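Thanks for coming. I will go through one pocket and one sheet, and then take questions.

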Amino acid sequence: ALGSVPLQMARTQKNKATAHHLGLLKARGGELRRELITPKGGGGGGRGGGFDVAKTGDARIGFVGFPSVGKSTLLSNLAGVYSEVAAYEFTTLTTVPGVIRYKGAKIQLLDLPGIIEGAKDGKGRGRQVIAVARTCNLILIVLDVLKPLGHKKIIENELEGFGIRLNSKPPNIGFKKKDKGGINLTATCPQSELDTETVKSILAEYKIHNADVTLRSDATADDLIDVVEGNRVYIPCIYVLNKIDQGGVEELDIIYKVPHCVPISAHHRWNFDDLLEKIWDYLGGVRIYTKPKGQLPDYTSPVVLPYCKTTVEDFCMKIHKNLIKDFKYALVWGSSVKHNPQKVGKDHTLEDEDVIQIVKK
């Protein structure tokens, strides 16, 4: 059924009158896709042997790439994890977790095998892999330097089809369902694609007839559908161009201009430092060192917080949920405070490499 929607979309010429029709077709496509993203039936956990990898460490990175681009070599050279590397296609059939320590953080590396064309149509073992991919904090798309752009497009399409949005922020759209009152549309800036009629008809496809919609940026029909579906995940992504030992120098100049991209040679371990630096940058982790009373700070094992959750309360929750119950105040040294140390409450936002001491009631 999903096949016929893009066909109708391709046949529809683009202008103001048909934007409305295209929005409808996109909404229909969105509904069909949702059935793919959300697994059918209750806890059918029996079939996916070897796929659910327990989340350990501070962050999880998923590696995606076509067979034989050197993904397994990169993984094993980064983590010393043994993953069967062979020249024939489709060798890795389960996700092999490896853990690397970098800047004191424990980062879990996962091989996400076989997200190739057709995975989202249920071919191969694509569906279970996607479920794992959606839980990653960062995705690394490994490309062969000799055919990067074709592969890049295919993999991006696959991930997009599963509701994974790469290197993008959630659309700036307010959406609230109501019991009555019809559809209220407010736009805080000019809209080039969406008008009241189009918004109403897209929502009608989802059987929504009463809602407040606020467009705070110039939004597309796809943006609105993403918000209504509500099951999208927004994940940063780095493109790793492997096998640069095989490409010519002039290609490297072009490659360096591709955004979010790091050229490497997995085999020779070239440029791993750059790659790890960029990984750290994209994960946006914040390292907090702990200082027990009357002792020096422990600089060997920082508590790593994701950059969106760096308050003192987040720090306490990461250590143990009971810590916040007995919390009186914290002493903080570092760039987030004016004085060293400074007394702060649980709402204070910490910065990278701050030192903290919790004082209990």
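**The largest pocket and a three-stranded sheet**

Domain 2 (59-167 + 233-282) and domain 3 (286-360) each give at least three residues to the lining of the largest pocket. Please keep in mind that this is a predicted model.

How much space lies in the largest pocket? About 740 Å³. The lining is made of 29 residues, and the closest to the centre are N137, P236, L283, Y307 and C308. By type, the lining residues divide into 16 nonpolar, 7 polar and 6 charged.

Which elements supply at least two residues each to this lining? They are strand 1 (59-65), strand 3 (105-111), strand 9 (233-235), helix 9 (272-283) and strand 13 (298-305). Helix 9 gives the most, with 3 residues.

Now to the sheet. There is an open sheet of 3 strands in the order 6-8-7, and its pairing is mixed. Strand 6 (173-177) and strand 7 (183-187) are at the edges with a single partner strand each, so each has one side without a neighbour in the sheet. Averaged over neighbouring strands of this sheet, the turn of one against another is 5°, direction ignored.

Strand 7 and strand 8 (residues 211-215) run parallel and are joined by 5 bridges. Within that pair, L185 is opposite V213 of strand 8.

Two helices come into this part. Helix 6 (residues 196-205) packs on the sheet and touches strand 6, strand 7 and strand 8. The direction of helix 6 makes about 135° with that of strand 7. Helix 7 (residues 221-229) lies across strand 6 and strand 8, at about 45° to strand 6.

How values were computed. Residues numbered from 1 in each chain as written. Predicted model: local features only at pLDDT ≥ 70, side-chain atom pairs only at ≥ 80, totals over all residues. Heavy atoms only, no water. 1 Å grid on protein atoms, 1.4 Å probe; cavity = no way out; pocket = protein on both sides within 12 Å on 5 of 7 lines; lining within 4 Å. Points joined across faces, edges and corners; volume = space filled by probe spheres on them. Helix = DSSP H or I, 4+ residues; strand = E, 2+ residues; numbered from the N terminus. Nonpolar A, V, L, I, M, F, W, Y, C, P; charged D, E, K, R; others polar. Domains from an automatic or database assignment. Pairing = 2+ DSSP bridges. Axes fitted to C-alpha atoms, helices over the stretch in contact; angles between N-to-C directions. Contact = heavy atoms within 4.5 Å.
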